Amino acid sequence: MPVPEEVLSRLRRFPDVEAPNLFAVDGADRLILDEAGPSLLGAASGTVAVIGDHYGALTLGTIAGFGVTDVRVHQDPITGELALSHNAARAGLSEAYRSCGLDESLLSGARVVLVQLPRSLAALAEIAEAVARHADPEVVVYAGGRDKHIAPAMNEVLARSFGDVHATRGRQKSRVLVARGPLDPPAEPTYPLREHLAELDMEVVAHGAAFAGTKLDIGTRFLLDYLPRMNPDARSAVDLGCGTGILAVALARSRADLRVIATDQSAAAVASTAATAHANGVGDRVTALRDDVMSTLGDATADLIVCNPPFHVGAAVHTGAALSMFRGAGRVLREGGELWTVYNSHLGYRGALRKSVGPTELIGRNPKFTVARSVKGV
């Protein structure tokens, strides 16, 4: 049964960044569906799981093309969840799937698992281990991606959790890795990882898909140097794009009267941040929130925002995510509130920060990064 092109061709990325060079469906989506087609035909309700669906192509292609119902879906970024929801509503398929965490609720009884390969080997390892731990022993995994993002090490990662791993023939610069025969998983899940960062005297907890894992990102390290200079009167702060929560925890530890909201669109990041905050004794003053650019925070509610924005959207180099963060900061900051940003110097964000927030001063610069301070309404 072919996947209805009228469904795939109508998919949008909204509310994620949309641009002429950014697409809601790619060759990997189509190849995964084609390779998994024989397994999807006649699949019983509730036996298909989808992981990492970017904007709904795998989920809605499975439902519309193969008549599968009660498809369970896990998407790490909330923008993916929201895009799938919008696309499903437009196609009249909202009732045929449900969103789950990366756990037993997603995978129990699953016999077919479709995966958009993550770029991180750690994220793939956590996915593979979860499937091997919770899915049906006869499960077949179809994990696909663009050739330029597939590394030989991905086969090795899957082989740690499955007895049979092989690659399909490529098409449209895409390829699918097929895994069968789940091996016995470790007695205790490997993820989240935990590491003590001696230079910060901080315990960092990281799920596989969290940016930088348990390591200290070099941009974050540079921004931390300026922590003592950030708005001394702040009582409420936001770590925007919190990752594993290092900035949020450092802020909370430095000021006993400061409340911090640590927000990220990634489910893995939010879970990591919550665990990092508790591991460092500030879980009562750091609230981890999965959100799209602070959309659920009120106007003029924060005194201080810290941000180490991404310079890409998915696999594409694109400034759209950072610019959206700056606009959000301009809305959420109170008059006189401060946004402290660290970014790759070549991106030259000063003008965008001035436009979205207010007067912007370049506070620090090293060979790679710039730290800027923007003040709302001054």
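A polar contact is a pair of N or O atoms within 3.5 Å; within protein, one atom must be able to donate a hydrogen and the other to accept it, and residues adjacent in sequence count only if both atoms are side-chain atoms. The exercises below concern a predicted model, in which local features need pLDDT of at least 70 and side-chain atom pairs count only at pLDDT 80 or more, while totals for chains, interfaces and linings use all residues. Residues are numbered from 1 along each chain as its sequence is written, and side-chain values use heavy atoms, with hydrogens and water left out.

**Exercise 1. Describe the setting of His-74 and its polar contact.**

Step 1. Locate the residue: His-74 belongs to strand S2, residues 71–74. Helices (H or I, at least four residues) and strands (E, at least two) are DSSP runs, numbered from the N terminus.

Step 2. Classify its accessibility. Buried means under 20% relative accessible area, exposed over 50%, and partly exposed in between (1.4 Å probe, protein chains only). His-74 has 11% relative accessibility and therefore counts as buried.

Step 3. Find the partner: a polar atom of the His-74 side chain lies 3.0 Å from the backbone oxygen of Cys-100.

**Exercise 2. Compare the radius of gyration of the protein with that of a compact globule.**

Step 1. Take the inventory: the protein has 12 helices and 18 strands.

Step 2. Apply the rule. The radius of gyration is taken over C-alpha atoms, and the globule rule is 2.2 Å times the number of residues to the power 0.38. For 378 residues a compact globule would have a radius near 21 Å; the protein has 21 Å, which agrees.

Step 3. Add the outline: along the principal axes, the C-alpha atoms fill a box of roughly 60 × 45 × 35 Å. Of the 378 residues, 54% are buried.

**Exercise 3. Examine the span, burial and start of helix H6.**

Step 1. Check the span. The expected span of a helix is 1.5 Å times one less than its number of residues. For the 14 residues of H6 (residues 121–134) this gives 20 Å, and the end C-alpha atoms are 20 Å apart, which agrees.

Step 2. Consider burial: 10 of the 14 residues are buried, so H6 is largely enclosed by the rest of the structure. Among them are Leu-124, Ile-127, Ala-128 and Val-131, together with Glu-126 and Glu-129.

Step 3. Inspect the start of H6, where a side-chain oxygen of Ser-120 comes within 3.2 Å of the backbone nitrogen of Ala-122.

**Exercise 4. Characterise the largest cavity and its lining.**

Step 1. Define the search. On a 1 Å grid over the protein atoms alone, a cavity is a set of points where a 1.4 Å probe fits but cannot get out, and lining residues have an atom within 4 Å of a point. Grid points are joined across faces, edges and corners, and a volume is the space filled by probe spheres set on the points.

Step 2. Report the result: there is one cavity of 30 Å³ or more, and the largest cavity holds about 40 Å³ of space.

Step 3. List the lining: Val-115, Leu-124, Ile-127, Ala-128, Val-131, Val-141, Leu-158 and Phe-162. H6 supplies the largest share, four residues.

Step 4. Sort by class. Ala, Val, Leu, Ile, Met, Phe, Trp, Tyr, Cys and Pro count as nonpolar, Asp, Glu, Lys and Arg as charged, and the others, Gly among them, as polar. The lining has eight nonpolar, no polar and no charged residues.

**Exercise 5. Identify the backbone features at Pro-15, Pro-192, Lys-173 and Ala-212.**

Step 1. Recall the background: most residues other than glycine have a negative phi, and most peptide bonds are trans.

Step 2. Identify the cis bonds. One joins Phe-14 and Pro-15, with omega about 10°; Pro-15 sits in the loop between helix H1 (5–8) and helix H2 (27–40). Another joins Tyr-191 and Pro-192, with omega about 5°; Pro-192 sits in the loop between strand S7 (174–182) and strand S8 (193–197).

Step 3. Identify the positive phi values. Lys-173, not a glycine, has a phi of about 60°; with 64% relative accessibility, Lys-173 counts as exposed. Ala-212 has a phi near 75°; with 33% relative accessibility, Ala-212 counts as partly exposed.

Note on methods
On a 1 Å grid over the protein atoms alone, a cavity is a set of points where a 1.4 Å probe fits but cannot get out, and a pocket is an open set with protein on both sides within 12 Å along at least five of seven lines; lining residues have an atom within 4 Å of a point.
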